[in-house]
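Biologist: I would like a close look at one part of this fold, the aromatic residues, and then an account of the surroundings in which they sit. Please take your time and connect the pieces as you go.

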Amino acid sequence: MKRRTYQGLTFRPFIENEEILRRVATIGKAISADYTNSYPLLVCVLNGAAPFALDLFRALDIDAEITFIRLKSYEGTSSIGAVKQIMGLSEDLAGRDVIIVEDIIDTGYTMQRLEADIRAKGPASVRIATLLFKPEALQVPVKPDYVGFEIPKKFIIGYGLDIDGKARNLNDIYVLDE
């Protein structure tokens with residue numbers, strides 16, 4: 001893995017794809033064990049969580065359904081402090097077991113808002129699966145149920161995470177070289 005440069009910023013390798021896929025498989029097994037008698041609905045938060053959600057969906061050993069929602073809370077390398085819903089859900093969540101699938105939880109504002117919106121629709125249960133979790137950055141109480149990696153409060157790209165739309169297609173995860 002080599003360094004990458006975007007918008008004058010240099011990113012160094014952080015987590016290789018093989019390690020990511022191992023963690024995704026582990027999370028898939030845990031979810032499959034937790035939902036053996038259920039037909040959970042995975043709610044993928046676009047755009048960033050798409051690679052993780054699809055790999056996770058394929059790693060499940062149970063029947064499940066997947067759908068997508070699109071929110072925006074970042075511009076460049078900074079959170080804009082507000083959560084905008086760009087594309088909402090059309091599924092009836094009443095009585096369903098819902099698993100929110102997110103690429104990263106840092107401040108927690110996006111997840112807090114999304115979880116509240118989903119709970120308002122009357123699901124049987126709501127759990128959170130996130131590939132990356134930055135506990136040091138958390139500003140509100142959010143506790144993910146399934147975590148791929150706990151990482152420091154650094155800006156990262158790759159495997160769905162972007163910098164102004166670029167770098168999402170990288171297979172590995174890179175961290176800003178400061």
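Modeller: In this predicted model, the structure holds two aromatic pairs. In the pair made by Tyr6 and Phe11, the ring centres are 6.3 Å apart and the planes stand at 65 degrees, so this pair is edge-to-face. Tyr6 and Phe11 are both buried. The other pair brings together Phe11 and Phe155, whose ring centres are 6.1 Å apart and whose planes are at 55 degrees, so the pair counts as tilted. This pair links distant parts of the chain, since Phe11 belongs to strand 2 while Phe155 lies in the loop between strand 8 and strand 9, 144 residues apart. Phe155 is buried, as is Phe11, and Tyr6, Phe11 and Phe155 form one aromatic cluster.

Between strand 1 and strand 2 runs a loop that contains Gln7. Although Gln7 is not a glycine, its phi is positive, at about 50 degrees, and with a relative accessible area of 46% Gln7 is partly exposed. A similar note applies further along the chain, in the loop between strand 9 and strand 10, where Asp164 is found. Asp164 has a positive phi of about 50 degrees without being a glycine, and its relative accessible area of 43% makes it partly exposed.

Strand 2, which carries Phe11, is also among the elements that cover the buried residues of helix 1, together with helix 2, strand 6, strand 7, strand 8 and strand 10. Helix 1 spans residues 17-34, and its 18 residues reach 26 Å from the first C-alpha to the last, close to the 26 Å expected at 1.5 Å a residue. Its buried residues are Asn17, Ile20, Val24, Ile27, Gly28, Ile31 and Ser32. Viewed down the axis of helix 1, these buried residues fall within an arc of 140 degrees, so they line one face of the helix. Arg22, Lys29 and Ala33, on the other side of helix 1, are exposed.

From helix 1 one can pass to the nonpolar interior. The largest nonpolar core has 32 residues, and those with the most contacts inside it are Leu56, Leu131 and Leu132. At least two residues of this core come from each of helix 1, strand 3, helix 2, strand 6, strand 7, strand 8 and strand 10. Apart from it lies another core, of 18 residues, including Leu89, Val98, Ile100 and Leu114. Beyond its neighbours up to four places away in sequence, Leu131 touches Ile20, Val24, Phe52, Glu102, Asp103, Val147, Gly148, Phe149, Tyr159 and Ile173. Two of these partners, Ile20 and Val24, are among the buried residues of helix 1.

Strand 3, one of the elements that supply the largest core, deserves its own description. Six of the six residues of strand 3 are buried, so this strand is largely enclosed by the rest of the structure. Leu41, Val43 and Val45 point one way from strand 3, whereas Leu42, Cys44 and Leu46 point the other way, and all are buried. In a regular strand, the side chains alternate between the two faces of the sheet. Strand 3 pairs with strand 6 in the parallel sense over four bridges, and within this pairing Leu41 stands opposite Val98 of strand 6. Following the chain onwards from strand 3, a cis peptide bond joins Leu46 and Asn47, with omega at about 0 degrees, and Asn47 is found in the loop between strand 3 and helix 2.

On the side of strand 6, Ile100 offers a view of the same region. Ile100 is found in strand 6 and, at 0% relative accessibility, counts as buried. The C-alpha atoms of Ile100 and Val43 are separated by 4.8 Å, although their positions lie 57 residues apart along the chain in the sense of sequence separation. Leaving aside neighbours within four places in sequence, Ile100 is in contact with Val43, Val45, Met111, Leu114, Glu115, Ile118, Val126, Arg127, Ile128 and Ala129. Val43 and Val45, both in that list, point one way from strand 3 together with Leu41.

Conventions
Residues are numbered from 1 along each chain as its sequence is written. This is a predicted model: local features need pLDDT of at least 70, side-chain atom pairs count only at pLDDT 80 or more; totals for chains, interfaces and linings use all residues. Side-chain values use heavy atoms; hydrogens and water are left out. The expected span of a helix is 1.5 Å times one less than its number of residues. Buried means under 20% relative accessible area, exposed over 50%, partly exposed in between (1.4 Å probe, protein chains only). The arc is that of the directions from the helix axis to the C-beta atoms. Contact means heavy atoms within 4.5 Å. A nonpolar core is a set of buried Ala, Val, Leu, Ile, Met, Phe, Trp, Tyr and Cys residues joined through side-chain atoms within 4.5 Å. Rings of Phe, Tyr and Trp (its six-membered ring) pair if their centres lie within 6.5 Å; planes under 30 degrees apart count as stacked, over 60 as edge-to-face and the rest as tilted. Two strands pair if DSSP finds at least two bridges between them.
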